[in-house]
Amino acid sequence: MYKFILAALLLLVSSPGLAETPAARGKALYMKVGCYQCHGTVGQGGTAGLRLAPDPLPWQQFAQFVHNTAGIMPPYREQALPAADLKDIYTYLQTIPKPRDLSRYPLLAPFR
Ligand code: HEC
């Protein structure tokens, strides 16, 4: 019996897609649908888009904005980017860590 369970577990772990975490899927989607082009590869922001992470907007506000914005950013409608996919992107952005506290480095004081 345990051999069967082991085989089932191995199958689960080795199947692409099944073992993938929402954050990993979200990161791939973030790159695939082009958010990175304006917001940077880790949501750090750039000349074309704001910083999205760390600490992304609350989910409701985030989803509402991405699906319906009518400003400079093109809207990603529900039909083009379903809420489930956007949620994975959001989960990815939530995993982006805060930068280090630079006050630990006296040499960098002039740049703060
Ligand atoms: C063509 C450039 C561009 C792309 C591509 C883009 N954005 Fe944006 N985004 C912007 C700009 C510019 C803003 C600032 C608001 C505005 O003027 O539209 C913005 C604002 C936002 C905001 C609101 C941030 C805040 O703090 O108010 C969110 C959330 C966001 N984008 C998420 C995304 C996601 C998720 C994607 C990919 C699905 C994406 N954006 C793709 C340019 C872009």
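**Close-up views of the ligand site**

**View 1. The shell around the ligand is mostly nonpolar residues, with no charged ones.** Its residues divide into 15 nonpolar and three polar. The model is predicted. In total, 18 residues surround the ligand. The closest are C35, C38, H39, A48 and M73.

**View 2. The ligand occupies the largest pocket.** Two helices each supply at least two residues of the shell around the ligand. One is α3, spanning 35–39. The other is α4, spanning 59–68.

**View 3. H39 and M73 coordinate the iron atom of the ligand.** H39 contributes NE2, and M73 contributes SD. Both coordinate at 2.0 to 2.1 Å. The pair links distant parts of the chain. H39 lies in helix α3, whereas M73 lies in the loop between α4 and α5 (83–95). These two residues are 34 residues apart.

**View 4. Six donor atoms surround the iron atom of the ligand.** They subtend angles of 87 to 179 degrees, so the arrangement is octahedral. For six octahedral donors, ideal angles at a metal are 90 or 180 degrees.

**View 5. Polar atoms of H39, I72 and M73 approach the ligand.** In H39, an N or O atom of the side chain is 2.7 Å from a nitrogen atom of the ligand. The other two contacts involve the backbone. A backbone N or O atom of I72 sits 3.2 Å from a ligand oxygen atom. For M73, a polar backbone atom is 3.0 Å from an oxygen atom of the ligand. M73 also coordinates the iron atom, through SD.

Conventions. Residues are numbered from 1 along each chain as its sequence is written. This is a predicted model: local features need pLDDT of at least 70, side-chain atom pairs count only at pLDDT 80 or more; totals for chains, interfaces and linings use all residues. Side-chain values use heavy atoms; hydrogens and water are left out. A residue is near a molecule or strand if one of its heavy atoms lies within 4 Å of it. A polar contact is a pair of N or O atoms within 3.5 Å; within protein, one must be able to donate a hydrogen and the other to accept it, and residues adjacent in sequence count only if both atoms are side-chain atoms. On a 1 Å grid over the protein atoms alone, a cavity is a set of points where a 1.4 Å probe fits but cannot get out, and a pocket is an open set with protein on both sides within 12 Å along at least five of seven lines; lining residues have an atom within 4 Å of a point. A molecule sits in a cavity or pocket if more than half of its atoms lie within 2 Å of its grid points. Helices (H or I, at least four residues) and strands (E, at least two) are DSSP runs, numbered from the N terminus. Ala, Val, Leu, Ile, Met, Phe, Trp, Tyr, Cys and Pro count as nonpolar, Asp, Glu, Lys and Arg as charged, and the others, Gly among them, as polar. Donors are N, O and S atoms within 2.8 Å of the metal (3.2 Å for Na, K and Ca); water is not among the atoms, so sites may look incomplete. Four donors count as tetrahedral if all angles lie between 85 and 135 degrees; four count as square planar and six as octahedral if opposite donors are over 155 degrees apart and all others between 65 and 115; anything else is irregular.
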